Amino acid sequence: MNTLRSALPRLTFPPGEPHPFRIASGSKGFTALAVLSLVADGVLDLATTARSLLGTDLPLVADDVTVEHLLTHTSGIGDYLDEEADREITDYLVGAVHELTNTEAFLPLLDGHPTKFRAGKRFGYSNGGFVLLALLAERASGIGYHDLVRDRVLRSAGLTRTDFLRSDELPADAAVGYLPIDGVDRSNIFHLPVLATGDGGIHSTATDISTFWRALFAGAIVDSVADVVRPRYDTPHKSRRYGLGFWLSQSTDTVILTGWDAGVSFESTHDPHTGTTHTVLSNTSPGAWPLARHLDGTSP
């Protein structure tokens, strides 16, 4: 049986290449594809319940929550980073960030949050749901989440500048995130997990994101791309629907990855018919949005 691998190689990127930026929740799409590749291999099923792999962990996760519910943000589980709650981007929300070096380390953060609604009742964006997906993928496959994404998504797509970087061990050319605190710009090292997991935070570049979209729609990552980008739920964002780990335009076939966090903002849209990709990355929380809105035609 495969065993979890936790050792992460220290990365060296070729000189003169674009700087990698965190993409926050943009990497939820990578998590979804890693999980769906396990589904294709029969390791998981969309109907697999979280409870079947959790055992006695996270007792407040309802027994009927499935992989599909988690992929579509319809699980209703309580969220450790509840985006429906009133908070400031500068708030310190994840405690001892230096301890969050693997997915199992997130269990205390995921625990103790009451169910918000019955599974499948509605769309409710959940960061904790994608951490839980990473955990289920690890337990089902016996392979660590980071290596699952590397093997099944990054390598399959031919991405050379995308990887999980420790925030306290960044390569010299990686962008550092900043946010205003007490009147000065400070790095986000104390706001985010030291190492990203299933809900977001991988580092990437605009070039690699363009490569990713082309590989996805060429079938290089999963065979059932149409299932991944089929609209499944409307969302509170009037212009957007949701598939399996990807946002979708309400009026066109454009597919979207987006991310926002402390010292991070990111959006990438891809039109599969024209092959046109727009990607904006920023190392501040508001930095990406003016240009992203201009590119997608929603700026005032």
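Analyst: A polar contact is a pair of N or O atoms within 3.5 Å, where one must be able to donate a hydrogen and the other to accept it. The model discussed here is predicted.

User: What makes the approach of the Arg51 side chain to the backbone oxygen of Leu58 a polar contact?

Analyst: The side chain of Arg51 reaches that oxygen at 2.7 Å. The limit is 3.5 Å, so the pair counts as a polar contact. Arg51 is found in helix 2, which covers residues 51-54.

User: Why is Arg51 called buried?

Analyst: Its relative accessible area is 18%. Buried means under 20%, so Arg51 falls in that class.

User: Where is Leu54, and how do you know whether to call Leu54 buried or exposed?

Analyst: Leu54 is also in helix 2. Its relative accessibility is 3%, and the cut-off for buried is under 20%, so Leu54 counts as buried. The C-alpha atoms of Leu54 and Leu135 are 8.6 Å apart in space, although the two residues are 81 apart in sequence.

User: What does Ser126 have in reach of its side chain, and where is Ser126?

Analyst: A polar atom of the Ser126 side chain lies 2.8 Å from the backbone nitrogen of Gly129. That value is within 3.5 Å, so the distance fits a polar contact. Ser126 sits in the loop between helix 4 (107-110) and helix 5 (127-141). With a relative accessible area of 4%, Ser126 is buried.

User: What makes Ala134 a buried residue?

Analyst: The relative accessible area of Ala134 is 0%, and under 20% is called buried, so Ala134 qualifies. Ala134 belongs to helix 5. Its C-alpha atom is separated by 7.2 Å from that of Thr197, 63 residues apart along the chain.

User: Why is the pair of Phe212 and Phe246 called stacked?

Analyst: A search of the whole structure finds ten aromatic pairs. In the pair of Phe212 and Phe246, the ring centres are 6.5 Å apart and the planes are at 5°. Centres within 6.5 Å make a pair, and planes under 30 degrees apart count as stacked, so the name follows.

User: Which parts of the chain does this pair link?

Analyst: Phe212 is in helix 7 (residues 206-217), and Phe246 is in the loop between strand 6 (240-242) and strand 7 (247-249). The two residues are 34 apart along the chain. Both Phe212 and Phe246 are buried.

User: What makes the pair of Tyr242 and Trp247 edge-to-face?

Analyst: The planes of Tyr242 and Trp247 stand at 90°, and the centres are 5.0 Å apart. Planes over 60 degrees apart count as edge-to-face, so this pair takes that name. Tyr242 and Trp247 are both buried.

User: Which residues do ring pairs link into a cluster?

Analyst: The cluster holds Phe30, Phe212, Trp213 and Phe246.

User: How do you know that Lys28 is within the distance limit for a charge over the ring of Phe130?

Analyst: Lys28 is 5.9 Å from the ring centre. The distance limit is 6 Å, so the value passes. Lys28 does lie over the face of Phe130.

User: What is notable about phi of Ala24 and of His73?

Analyst: Phi of Ala24 is near 50°, and phi of His73 is near 55°. In each case this is a positive value in a residue other than glycine. Ala24 is in the loop between strand 1 (21-22) and helix 1 (28-40). His73 is in the loop between helix 3 (67-71) and helix 4. At 5% relative accessibility Ala24 counts as buried, and His73, at 1%, is buried too.

User: How many cavities are there, and what lines the second largest cavity?

Analyst: The structure holds five cavities of 30 Å³ or more. The second largest has a volume of about 100 Å³. Its lining includes Leu58, Ile77, Asp111, His113 and Leu132. By class, the lining has six nonpolar, four polar and one charged residues. Asp counts as charged, so Asp111 is in the charged class.

User: Which residues are closest to the centre of the largest pocket, and what is its volume?

Analyst: The largest pocket has a volume of about 910 Å³. Of its 30 lining residues, His237, Arg240, Ile256, Thr258 and Glu267 are the closest to the centre. The lining has eight nonpolar, 15 polar and seven charged residues. Elements that each supply at least two lining residues include strand 8 (255-261), strand 9 (264-271) and helix 9 (289-296).

Methods. Residues are numbered from 1 along each chain as its sequence is written. This is a predicted model: local features need pLDDT of at least 70, side-chain atom pairs count only at pLDDT 80 or more; totals for chains, interfaces and linings use all residues. Side-chain values use heavy atoms; hydrogens and water are left out. On a 1 Å grid over the protein atoms alone, a cavity is a set of points where a 1.4 Å probe fits but cannot get out, and a pocket is an open set with protein on both sides within 12 Å along at least five of seven lines; lining residues have an atom within 4 Å of a point. Grid points are joined across faces, edges and corners, and a volume is the space filled by probe spheres set on the points. Rings of Phe, Tyr and Trp (its six-membered ring) pair if their centres lie within 6.5 Å; planes under 30 degrees apart count as stacked, over 60 as edge-to-face and the rest as tilted. Helices (H or I, at least four residues) and strands (E, at least two) are DSSP runs, numbered from the N terminus. Buried means under 20% relative accessible area, exposed over 50%, partly exposed in between (1.4 Å probe, protein chains only). A charge sits over a ring if NZ of Lys or CZ of Arg is within 6 Å of the ring centre and within 35 degrees of the ring normal.
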